[in-house]
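Let's take a walk through a protein model together. Have a look at the picture first, and then we'll go through it piece by piece.

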Amino acid sequence: MSAGSKAGLIFFAPQAIVAIGAVIMALIPATITNQGPSGLLLCCATPIASLLLAVAAGYFATLLHDHSDNVTNQGLTAGLISGCGALAGSLLFWVACGVFVAYFANASLMQEALDQAKRIQPGMTVDNNMWQAITSMLIFVMTIIGLITGTIALGFSLLGGVIGANVAQSMRSR
């Protein structure tokens, strides 16, 4: 097993945990401020956390690698494997949110959502059956959101793995 694979597997579970934790930590100020400027934080939390962990994975992949050649490939491999953890964590979180809202929303929560939708759009006619159909589609929508954010985090992880490998290589050459 290559050093990049080892380092990537070491950081797989932390990437998944950090991907879930970053979204939860970003949701707290976003809900408190009613989607004010902190909405940008929600969009950037998981990719930035994935980037930072992948830098560490690429760094450790270079330290574990005994040859000076293919350092970038080791960092890329470490970033890819650890980034798959971020993708899995993101998918898990958003699908769980969709399932929770679709299946565990009670009648009072649905009625509150209908009332709020009618305040936003006064001429809107939505009944409970239509609302239940919309919430059942929510799992699919949340899966797409998880896939998009996870793929972005995976891209950032690839970049972070290469950055970490190059930083470790430059420190090793000194």
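What follows is a short tour, from the overall build to the details inside.

Before anything else, keep in mind that this is a predicted model. How far can you trust it? The mean pLDDT, which is the predictor's confidence on a scale from 0 to 100, is 82 for the chain, and 89% of the residues reach 70 or more. Confidence isn't even along the way: H4 scores highest with a mean of 88, while H5 scores lowest with 75. As a rule, where pLDDT is low, the predicted coordinates should not be read in detail.

Now for the overall build. The chain has six helices and zero strands, so if you follow the elements from the N terminus, you read α-α-α-α-α-α. Contacts often link parts that are far apart in sequence: of those with a separation of 6 or more, 83% join residues 24 or more positions apart. Out of 174 residues, 36% are buried.

Let's go inside. In soluble globular proteins, nonpolar side chains tend to be buried together. Here, the largest nonpolar core has six residues: Ala7, Phe11, Leu53, Ala57, Ala61 and Ala78. Helix H3, residues 39-64, gives the largest share of this core, with three residues. Take Ala57 as an example. If you skip its neighbours within four places in sequence, Ala57 touches Ala7, Phe11 and Ala78, and also Ser82.

Stay with helix H3 for a moment, as Ser50 lies there too. Is Ser50 buried or exposed? Its relative accessible area is 1%, and buried means under 20%, so Ser50 counts as buried. Beyond its neighbours within four places in sequence, Ser50 is in contact with Gln15, Ala86, Ala153 and Ser157.

Finally, let's look for empty space. Rolling a probe the size of a water molecule over the atoms shows where such space is left. The largest pocket has a volume of about 320 Å³. Which helices help to line the largest pocket with at least two residues each? They are H4 (71-104), H5 (107-120) and H6 (128-173). Among the lining residues are Phe100, Phe104, Leu109, Met110, Trp131 and Leu138. The lining splits into 10 nonpolar residues, one polar and one charged. Glu112 and Thr135 are also part of this lining. Because Glu counts as charged and Thr as polar, those two are the exceptions among the nonpolar residues. One caution to end on: H5, which helps to line this pocket, is also where the confidence is lowest.

Notes: Residues numbered from 1 in each chain as written. Predicted model: local features only at pLDDT ≥ 70, side-chain atom pairs only at ≥ 80, totals over all residues. Heavy atoms only, no water. 1 Å grid on protein atoms, 1.4 Å probe; cavity = no way out; pocket = protein on both sides within 12 Å on 5 of 7 lines; lining within 4 Å. Points joined across faces, edges and corners; volume = space filled by probe spheres on them. Helix = DSSP H or I, 4+ residues; strand = E, 2+ residues; numbered from the N terminus. Core = buried A, V, L, I, M, F, W, Y, C linked by side-chain atoms within 4.5 Å. Buried < 20%, exposed > 50% of the residue type's maximum accessible area, 1.4 Å probe, protein only. Contact = heavy atoms within 4.5 Å.
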